[in-house]
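Student: Could you take me through the ligand site in close detail, and then show me what else is worth a look around it?

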Amino acid sequence: MTKTAELHIDGNVYELPILEGSEGEKAIDISKLRAQTGHITLDVGFKNTGSTKSSITFLDGEKGILRHRGYTIEDLCEKADFLEVAYMLIYGEFPDAETYEKFKYTITHHTLVHEDMRKIFDGFPSTAHPMGVLSSLVTSLTAFYPESLDPTTSPEGVDLTIERLLAKLPTIAAWSYKNEMGHPVNYPNNQLDYVSNFLYMMFGFRTENYEVNPVVRDALNKLLILHADHEQNCSAATVRVVGSSQASLYASVSAGINALWGRLHGGANQAVIEMLENIKKDGGDVEKYLAKAKDKDDPFRLMGFGHRVYKNFDPRARIIKKSCDDVLESLGIKDPTLEIAKKLEEAALKDDYFVERKLFPNVDFYSGIIYRAIGIPTEMFTVMFAMGRLPGWIAQWKEMREEGQPIGRPRQLYVGENERKLEK
Ligand code: CMC
């Protein structure tokens, strides 16, 4: 029997169905609320609003659980390759050996980007932030593959659009770095796997025999998996809303990239390193910066701390912190910002302000230190996040399309002027 919640308004009682998710999460279904009662709900920032049912990712913020299609993030990081996680997120199950070989082959053989895209790319000044270049070039894919504009096309057509995007994003991402450096681009090398190929396009030069360091490859593989999906976050919600108007996958993901760019979302990884560098330059006094973060008159926030959903710990941050120590040790790197980060974390976790508000290090707190250790420049950090998040965005977009969800269109509570005359 469906459980219901009762809503009392002006002496009338309305029954609202209560739905239960597969992990026991409960939701009050208000989809008919306005039609029945004339009221809408108000939830600025969607803090309590479920925008969809989804079977991709489960997250328990109190217990610090993150699972994709039932698999824990710990297991996935330990045992899987990023590309098979991508397949599993998008298609629901891990591929069998034959399917995976075929998938890898297809992705590898779509990594080249149309030469005409170079003209667009060459138009960017070297001051362009790589995230801006990335989102622009992802949108421009619509020009080269106009058949992608209609997402209601055949499932095979959608699959090809997905494969092209997965294949080309690392190429475009590496190019955006090359642009910033003023270097010539490296074309993809089809002998290499997905992650190694990206490293090659970033750091390999055609005149040298570039060898991918396995420590670096493994670290990057793990980081990409850790970012692969995170249910209805700001960028995934953006991808779904944009896609709900039947915009193409490329346009929807480009919008997601722009949503990710902000400092409160994926842009936090760049902001963390900049913050740690500032603290270092300023003498390394972490208490001073904790005081700034607590001061309501100071706009400073502790970047890489706090999360809308995690209120205990972020399981991704735990994995990254451990990986950070391992990678720096294997590469023989001593990074003073790691010491500052650890001191900052230790001090914050003892501080009442952070304890009361349940503010813990999030995925972005330590990731930048690893990126830096493996040679990724600071402005590319959020691009790395985007590369990792791509399968999640695609999976969210595909699920939304397949469920035939209606166009995303929230309501509002108007609090402006009432009708008035234009006196002229
Ligand atoms: N430093 C200082 N105070 C903070 C911080 C922080 N990093 N985060 C939250 N607070 C305070 C906030 O001022 C508020 O205090 P009060 O109740 O006194 O007004 C309280 O904690 C609740 O914060 P909120 O802003 O209402 O929480 P939210 O769920 O709207 O925001 C957040 C979540 C992640 C945007 C926020 O914690 C933040 O700005 N963190 C820093 C940026 C960051 O690291 N972002 C990456 C998030 S994880 C990866 C991703 O999603 O991309």
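Tutor: Start with Leu-264: one of its backbone N or O atoms sits 2.9 Å from a nitrogen atom of the ligand. This is a predicted model, so read every distance here as computed from predicted coordinates. Gly-266 also uses its backbone, with an N or O atom 3.4 Å from an oxygen atom of the ligand. Then there's Leu-302, where a polar backbone atom is 2.7 Å from a ligand nitrogen. How much of the ligand does the protein bury? On its own the ligand would expose 940 Å², and the protein buries 78% of that.

Now for the neighbours. There are 23 residues around the ligand, and the ones that come nearest are His-265, Arg-301, Leu-302, Gly-304 and Arg-308. So Leu-302 turns up twice, as one of the nearest residues and as a backbone contact to a ligand nitrogen.

Gly-304 gives us a way to step outward. Which residue lies 5.4 Å from Gly-304, C-alpha to C-alpha, while being 58 residues away in sequence? That's Asn-362. You'll find Asn-362 in the loop between helix H16 (352-356) and helix H17 (364-373). Is Asn-362 buried or exposed? Its relative accessibility is 8%, and since anything under 20% is called buried, Asn-362 counts as buried.

For a contrast in spacing, try Phe-124 and Ile-162: they are 38 residues apart in sequence, and their C-alpha atoms are 26 Å apart in space. Phe-124 belongs to the loop between helix H5 (117-122) and helix H6 (130-144). At a relative accessible area of 22%, Phe-124 is partly exposed.

Next, the charged pairs. Side chains of opposite charge can pair when their charged atoms come close. Searching the whole structure turns up 24 salt bridges, and a few are handy to click on. Asp-116 and Lys-119 meet through their side chains at 3.2 Å, N to O. Asp-116 is partly exposed at 36% relative accessibility, whereas Lys-119 is exposed at 61%. Another one joins Asp-282 to Lys-288, with N and O 2.6 Å apart. Here Asp-282 is partly exposed at 34%, and Lys-288 is partly exposed too, at 38%.

The bridge between Lys-322 and Asp-326 has its closest N and O atoms 2.8 Å apart. What places those two residues about one turn apart? Both lie in helix H14 (residues 315-331), with their positions four residues apart in the count. Lys-322 is exposed, at 53% relative accessible area, while Asp-326 is partly exposed at 34%. Elsewhere, salt bridges with shared partners tie Asp-81, Asp-193, Arg-217 and Asp-218 into one network.

Let's zoom out to the overall layout. The chain is split into domain 1 (4-50) and domain 2 (74-409), and the C-alpha centres of these two domains are 35 Å apart.

A couple of backbone oddities fall within the domain 1 range. Most residues other than glycine have a negative phi. Asp-10, though not a glycine, has a positive phi of about 45°. Asp-10 sits in the loop between strand S1 (3-9) and strand S2 (12-20), and with a relative accessible area of 75% it is exposed. Phe-46 is another non-glycine with a positive phi, about 50° in this case. Its loop runs between helix H1 (33-37) and strand S4 (57-60). Is Phe-46 buried or exposed? Phe-46 is exposed, because its relative accessible area of 55% is over the 50% cut-off.

Last stop, the surface. Ile-40, Leu-42, Val-44, Leu-413 and Val-415 make up a nonpolar patch of about 540 Å². One of these, Leu-413, is in the segment after helix H18 (381-402). Leu-413 is exposed, with a relative accessible area of 55%.

If you go back to the ligand with all this in view, keep the three backbone contacts as your landmarks: Leu-264, Gly-266 and Leu-302.

Terms used: Residues are numbered from 1 along each chain as its sequence is written. This is a predicted model: local features need pLDDT of at least 70, side-chain atom pairs count only at pLDDT 80 or more; totals for chains, interfaces and linings use all residues. Side-chain values use heavy atoms; hydrogens and water are left out. Domain bounds come from an automatic or database domain assignment. Patches are made of residues with over 30% relative accessible area and no salt bridge: like charges are joined within 9 Å, nonpolar side chains (Val, Leu, Ile, Met, Phe, Trp, Tyr) within 5 Å. Accessible areas come from the Shrake-Rupley method with a 1.4 Å probe; for residues, only the protein chains shown count as cover. A salt bridge is a side-chain nitrogen of Lys or Arg within 4 Å of a carboxyl oxygen of Asp or Glu. Buried means under 20% relative accessible area, exposed over 50%, partly exposed in between (1.4 Å probe, protein chains only). A residue is near a molecule or strand if one of its heavy atoms lies within 4 Å of it. A polar contact is a pair of N or O atoms within 3.5 Å; within protein, one must be able to donate a hydrogen and the other to accept it, and residues adjacent in sequence count only if both atoms are side-chain atoms.
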